[in-house]
Structure formats: structure tokens, C-alpha cells
Amino acid sequence: MRKKVLLSDVVTAVKGRVLNNGDADYVRWVVSSGLMSDVLTTEEEEILLLSSLTTTQVVRTADMVGAHAILLACGKPISSDTVSLASELGITLISCEIPVFEAGHLLAPLFFGD
Amino acid sequence: MPHRFPILSEDSADKVPSLTMEIIFRLKVKDAMMTSLWTATKKHTFREIQTVMRDNEISGVPVLDDNRLVGIVSVSDIINALDSGHIEEPIEAYMSKQLIVLEDDMPLSFAVSYYNKYPYRRFPVINKNKEFVGILTTKDVLTAILNEMNNEINILENQLHHDKVELPNQIIREYIIKQFDFEKAGQASFKLKKLLKEKEVSRKIIRRASVAAYEMEINVAIHSNGGKITFVLEKDSITIITKDTGPGIADVAQAIEEGYSTANDWIRSLGFGAGMGIPNTKRVSDEFKIESEPGKGTIVKSVIYLEETDESQ
């Protein structure tokens with residue numbers, strides 16, 4: 001099984017801002033896509049969903065695949081609907097200013113390191 | 001030419017949904033009319049009535065002699081009185097006495113036809129003893145029809161949730177999906193997920209069922225005119241069915257192919273419409289069926305076995 005990565009370490013790595021604290025404090029893998037159907041094909045569990053889409057459907061998709069957290073990149077404005085749905089579903093919601101590719105680059109050592 | 005009240009004109013009647021017709025035949029004038037009113041007697045002056053009209057923002061006052069309707073004073077009568085200089089005089093000599101009245105037991109359809117036939121916006125209402133009982137305005141008619149339609153829609157919506165008869169060891173849930181309701185799409189799937197959790201279905205199965213239900217729900221919301229999604233949970237399987245009201249799929253074989261989509265940029269910008277919805281649903285299903293007819297609608301059915309089989313791994 002993949003190792004646990006604490007969400008607090010994720011927040012530090014991408015200089016993120018926590019918009020909602022969910023039920024879990026860790027993830028084991030990152031799935032990144034702007035296409036929700038793509039996310040729904042993943043077999044991984046306890047994931048961090050990294051995306052630049054900020055609609056409520058991102059949160060619904062995360063919930064369907066049992067994601068523990070969502071990281072919304074590119075500093076896009078996030079509606080209160082998106083935040084309140086994450087809160088309702090117990091999913092951690094983090095936003096960061098950097099683009100998706102850069103966020104992935106900064107997160108990689110946490111997941112692939114020793 | 002603009003129609004005034006097209007509901008009951010000869011050539012439009014057969015285009016009106018039968019429920020609307022039924023409502024305006026079922027409702028009586030007395031169900032819609034106003035009964036709390038200002039009335040006058042013949043001895044009142046136009047000035048007195050004008051004051052009542054202005055203070056209460058009304059445009060017509062019936063004139064009674066005991067309970068008998070003897071006339072009506074409208075805004076145009078007041079204007080005439082001002083014009084001709086008899087505003088301070090009793091109304092008896094000048095008020096409209098040729099009255100078109102409705103009876104309280106008439107169906108509302110009758111009143112609607114009166115609005116087509118006569119230029120008036122309000123009709124006095126009498127009972128079968130010829131006593132004055134109320135006034136019916138166009139606003140009263142609209143309010144009554146809208147209220148009744150709301151009641152009917154409530155009844156229909158409740159039927160949709162409850163008219164499925166559950167067999168023993170079977171749980172059925174049904175939800176309406178509205179076209180382009182992107183905010184709410186996914187709610188039904190969320191409820192399915194919750195139900196399966198309560199029933200202690202395994203995590204892997206819940207995930208597959210959630211993905212199937214969610215993709216199917218999104219498909220109805222973005223591609224159809226709206227429809228419904230039904231979940232049937234049985235001892236050894238969960239069946240998910242979506243039924244929509246159109247427009248249907250011209251080439252089903254093509255629609256099942258991964259990457260084929262008719263979605264527009266707006267849908268794509270929301271993270272869907274890449275032609276993966278149907279293939280995704282099929283991938284997580286143990287049984288999958290899609291039936292569609294252009295101009296009619298599409299039925300998609302996904303069955304997922306609760307026991308993991310080798311084929312579904």
C-alpha cells in the first residue's frame with residue numbers, strides 16, 4: 001500500500017489555503033485532471049484530487065471516488081456553493097495560487113520520497 | 001394577431017394539455033371570485049365612490065339594493081362624471097345598469113370565455129337566488145388556476161416518488177433530473193451512495209455503483225430534456241435506470257464509443273462531455289443496456305452485482 005501523506009504537508013508544499021477541513025487528515029495518491037469522467041475511471045482510493053476546475057461537480061466527483069481532499073490550483077475564485085458542499089460531504093478543500101503542473105511538481109517528492 | 005386568452009379559443013382548445021382543461025372545467029366561479037368587497041348604494045355620490053376606489057386601489061364598485069345587484073361603478077364612470085360635472089351627484093342616474101354577470105356555480109371555463117367575448121376585466125357574480133355574492137377579475141382567475149396547477153403538480157411529483165410497489169427484499173428510489181440543472185446533478189447518486197452505505201454494501205461495489213449512477217445522472221442533465229433516475233436495490237444486485245423525455249440518440253453504437261460526444265463547449269468547460277460517460281458506466285457495470293429512439297427518449301440500464309464476480313474484477 002502507498003504511504004500516507006499528511007494534508008498539512010500538502011498545504012505547506014503548495015503554500016495552500018484550507019477552505020474546509022474534512023474528515024481525513026491524509027491522502028495516499030494524487031489524481032489530477034480537468035475532466036471529471038477521467039477522475040471517475042481511477043481505481044485509487046484515499047486520493048487528493050488536483051484540478052483547476054472549481055464547480056460543485058468537482059466536489060461531487062471527489063465524493064463518488066471517495067477522495068479525502070481536493071486541491072484547486074491556479075488561484076481561481078471558488079464559489080461558496082463549492083465550499084459548503086465540501087463541508088457537507090466531509091472533504092478537505094484547499095486552494096493554491098500556482099498552476100496544476102507546478103503543484104504536481106511540488107507534491108511529487110512527498111509521494112515518491114522515502 | 002395577439003391572443004387575449006388562448007386557452008379556450010376554438011382552434012387552440014385541442015392543443016391545451018388535458019390537465020389544464022380539466023382544471024378550468026373543475027373549478028367553479030365561486031372557487032376563484034373575491035367575496036370581501038367594497039359595495040355602494042344608489043344614494044352614494046360619485047365623489048364618495050371615487051374616494052373609496054382611490055384609498056383601496058380598486059377599479060370597480062358594485063351597487064347593491066339589499067342583496068340585489070343593481071349596478072356597477074367603474075373608473076370610466078368616474079371619469080365621465082368628472083367630465084360631465086356630476087361628480088358630486090348620487091350615482092343612481094348614471095351608473096352602468098346593463099350588467100353582464102356570472103353565476104357562482106358556473107365552471108371557470110365559462111368565465112374565461114366571457115373575457116374573450118366582452119371587453120370587461122371584471123364580472124359581478126350572483127347566486128341562483130339572484131343575490132350578489134362576489135366579483136371575478138382576470139387576476140382572480142389566474143391565481144385560482146395557478147394554485148390548482150401547483151396542487152396538481154405536487155400530487156404528480158409525490159406519485160412519482162411513491163407509485164413504485166416494492167417487493168419484499170427490494171428498495172426502490174426515484175429522483176427527477178432537470179435539464180441543465182448542473183448545480184443539483186449528482187444529488188441522486190449521493191443519496192444512492194448513502195443508501196448503499198447504510199445497507200453495508202462493500203466499498204468497491206459502492207464506488208462502482210456511484211460512478212455509474214453519477215455518469216448516468218450527468219448524462220440526463222446535460223444531453224436530454226430532463227428525466228428521472230431509479231435505483232432498485234435487491235438482495236444480490238443494484239439496478240440503476242435513467243429514462244429521459246428526449247431528444248434520443250441517433251446512433252447508439254457511436255454513442256457508446258469512447259471519445260464520441262455531442263457536448264458543447266459550455267458542458268466541456270464544466271469538466272464533462274468528453275465522450276466518457278457511457279463507456280465509464282459500461283466499464284463499472286455487470287450488465288449494461290441502452291435503448292434510444294430519436295425524437296422520443298433514451299433508457300439506460302446498469303446492473304451491478306453485490307457479490308464481486310471474477311468477470312467484474
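Me: What percentage of the residues in chain B is buried?
Reply: The model is a predicted one, and its chain B holds 313 residues. A residue is counted as buried when 20 or more other C-beta atoms lie within 10 Å of its own. By that criterion, the buried share of chain B comes to 30%.

Me: Is Thr242(B) buried or exposed, and why?
Reply: Thr242(B) belongs to strand E8 of chain B, which covers residues 237–244. The cut-off for burial is 20 or more other C-beta atoms within 10 Å. Because Thr242(B) has 27 C-beta neighbours inside 10 Å, the residue counts as buried.

Me: Which residues does Thr242(B) touch, once residues up to four places away in sequence are not counted?
Reply: Thr242(B) and Glu217(B), although 25 residues apart in sequence, have C-alpha atoms 7.3 Å apart in space. Contact itself is judged on C-beta atoms, which must lie within 7 Å. With residues up to four places away in sequence left out, the partners of Thr242(B) are Met216(B), Val220(B), Gly227(B), Ile229(B) and Val300(B).

Me: Which helix gives the largest share of the side of chain A that touches chain B?
Reply: The contact draws 18 residues from chain A and 17 residues from chain B. On the side of chain A that touches chain B, helix H2 (36–40) and helix H3 (56–64) each supply at least two residues. The largest share there, 6 residues, is that of H3(A).

Me: How many charged residues does the side of chain A that touches chain B have?
Reply: Sorted by class, this side of chain A includes 7 nonpolar and 7 polar residues. The charged class, made up of Asp, Glu, Lys and Arg, has 4 residues.

Note on methods
Residues numbered from 1 in each chain as written. Chains lettered and ligands numbered in written order. Predicted model: local features only at pLDDT ≥ 70, side-chain atom pairs only at ≥ 80, totals over all residues. Buried ≥ 20, exposed ≤ 12 C-beta atoms within 10 Å, placed from the backbone. Helix = DSSP H or I, 4+ residues; strand = E, 2+ residues; numbered from the N terminus. Contact = placed C-beta atoms within 7 Å.
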